[in-house]
Amino acid sequence: NQSIVRGHWDLTFHIFTRKVCEYLNNPEEKIALEIGYGGGRILNAACSYFKQVIGVDIHDEQETVETFLRSQGKSNFRLIRTSGISIDVDSESIDFIYSFIVLQHLPSFDVFMRYMKETYRCLRPGGVAQLYFGNYFQLNPLDQLRYFIRGYKEVTLESPIYTTLVVRVSKAKKVCEDIGFRVVETGASYKKVPDGYPRVMGGQNYVTVLKER
């Protein structure tokens, strides 16, 4: 029950920011897509806002998640198992793409770039995406200096920090702009919203990006 409730909070606080809402006219007529739907807690909430929600993930628990979603009265969803480097839907078929607590677990910066390109490909012109990634400033000060120019670090499993990839906001912005997006906002996550807000910062940053053409 807590996971279900927190899924609604994360969607409405972290995903539906004021800037995102500027670009989500008539959401009941639109298709959204979640990169890394996991157990379906956020996708479950998103189904209440959109005509259809598509979830992509690398795991093979689609039947388990589908059972959960149907138990919550949801039917306007589609779950897709992906290879981990692509979004297996048609080009320019999605109105809104989001990801939360997922891109920080990618194995490499190359895969991060691949997902940014796939997001651009899948969005319709005028589509918007809200994408969270590992906060670069989780690194210790020495590593922050060491990787500052490169703009990211692929974190080994031995590292004490939680993520496997952290990216500077300026680096993420440049990647998105080079692909063709207009970056309309950046920001940070908070832990355990609403309890921890605004005292406890989370381990992610985000970019809000618009596909104009």
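## Glutamate 118 in helix 5

In this predicted model, glutamate 118 is buried, because its relative accessible area is 10%, under the 20% limit. The residue belongs to helix 5. Leaving aside residues up to four places away in sequence, glutamate 118 touches Ile85, Ser86 and Ile87.

One of these neighbours is also placed close to a polar atom of the acidic side chain: the backbone nitrogen of isoleucine 87 lies 2.8 Å from a polar atom of the glutamate 118 side chain. Valine 89 stands 29 residues from glutamate 118 along the chain, and the C-alpha atoms of the two are separated by 9.6 Å.

## Two further buried polar residues

Asparagine 44 is located in helix 3. With a relative accessibility of 1%, asparagine 44 counts as buried. Its side chain makes a polar contact of 3.0 Å with the side chain of lysine 74. When neighbours within four places in sequence are set aside, the residues in contact with asparagine 44 are Ile4, His8, Phe68, Leu69, Gln72 and Lys74.

Threonine 17 lies in the loop between helix 1 (2–15) and helix 2 (18–21). Its relative accessibility is 10%, so threonine 17 counts as buried. Not counting residues up to four places away in sequence, threonine 17 touches Gln130, Glu185 and Tyr206.

## Strand 1 and its pairing

Strand 1 is mostly covered, with five of its five residues buried. The burial applies to both faces: Ile31, Leu33 and Ile35 lie on one side, Ala32 and Glu34 lie on the other, and all are buried.

Strand 1 runs parallel to strand 2, and five bridges join the two. Within this pairing, alanine 32 stands opposite valine 53 of strand 2, and isoleucine 35 has valine 56 as its bridge partner in strand 2. Strand 1 is also parallel to strand 4, to which three bridges join it. Here leucine 33 stands opposite isoleucine 97 of strand 4.

## Strand 2 and the right-handed crossovers

Strand 2 is largely enclosed by the rest of the structure, because five of its six residues are buried. Besides its pairing with strand 1, strand 2 pairs with strand 3 (residues 77–81) in the parallel sense over five bridges. Valine 53, the residue opposite alanine 32, has phenylalanine 77 as its bridge partner in strand 3.

The connections on either side of strand 2 each pass through a helix. Strand 1, helix 3 (residues 41–46) and strand 2 form a right-handed β-α-β unit. From strand 2 the chain crosses through helix 4 (residues 62–71) to strand 3, and this β-α-β crossover is right-handed.

## Nonpolar cores

The largest nonpolar core contains 33 residues, and Leu33, Ile97 and Phe112 have the most contacts inside it. Two or more residues of this core come from each of strand 1 (31–35), strand 2 (52–57), strand 4 (94–99), helix 5 (109–122), strand 5 (123–135), strand 7 (165–167), helix 7 (169–179) and strand 9 (201–210). Helix 5 provides the largest share, seven residues.

Isoleucine 97 shows how some of these elements meet. Apart from neighbours within four places in sequence, isoleucine 97 is in contact with Leu33, Ile35, Thr119, Cys122, Leu123, Val128, Ala129, Gln130 and Leu131. A second, separate core has 24 residues, including Ala32, Leu43, Ala46 and Val53. Strand 1 thus places Leu33 in the largest core, whereas Ala32 belongs to the second core.

## Cysteines and the absence of disulfides

How many disulfides does the model contain? A disulfide is a covalent bond between the sulfur atoms of two cysteines. With the requirement that two cysteine sulfur atoms lie within 2.5 Å, the count is zero. Cysteine 21 is in no disulfide, and the nearest cysteine sulfur, that of cysteine 47, is 18 Å away. Cysteine 21 is partly exposed, because its relative accessibility of 44% falls between the limits of 20% and 50%.

For cysteine 122, the closest cysteine sulfur is that of cysteine 176, at 14 Å, which is too far for a bond. Cysteine 122 counts as buried, with a relative accessibility of 0%, and is among the residues in contact with isoleucine 97.

Note on methods
Residues are numbered from 1 along each chain as its sequence is written. This is a predicted model: local features need pLDDT of at least 70, side-chain atom pairs count only at pLDDT 80 or more; totals for chains, interfaces and linings use all residues. Side-chain values use heavy atoms; hydrogens and water are left out. Buried means under 20% relative accessible area, exposed over 50%, partly exposed in between (1.4 Å probe, protein chains only). A nonpolar core is a set of buried Ala, Val, Leu, Ile, Met, Phe, Trp, Tyr and Cys residues joined through side-chain atoms within 4.5 Å. Helices (H or I, at least four residues) and strands (E, at least two) are DSSP runs, numbered from the N terminus. Contact means heavy atoms within 4.5 Å. Two strands pair if DSSP finds at least two bridges between them. A crossover is right-handed if, with the strands pointing away from the viewer, the path from the first strand over the helix to the second runs clockwise. A polar contact is a pair of N or O atoms within 3.5 Å; within protein, one must be able to donate a hydrogen and the other to accept it, and residues adjacent in sequence count only if both atoms are side-chain atoms.
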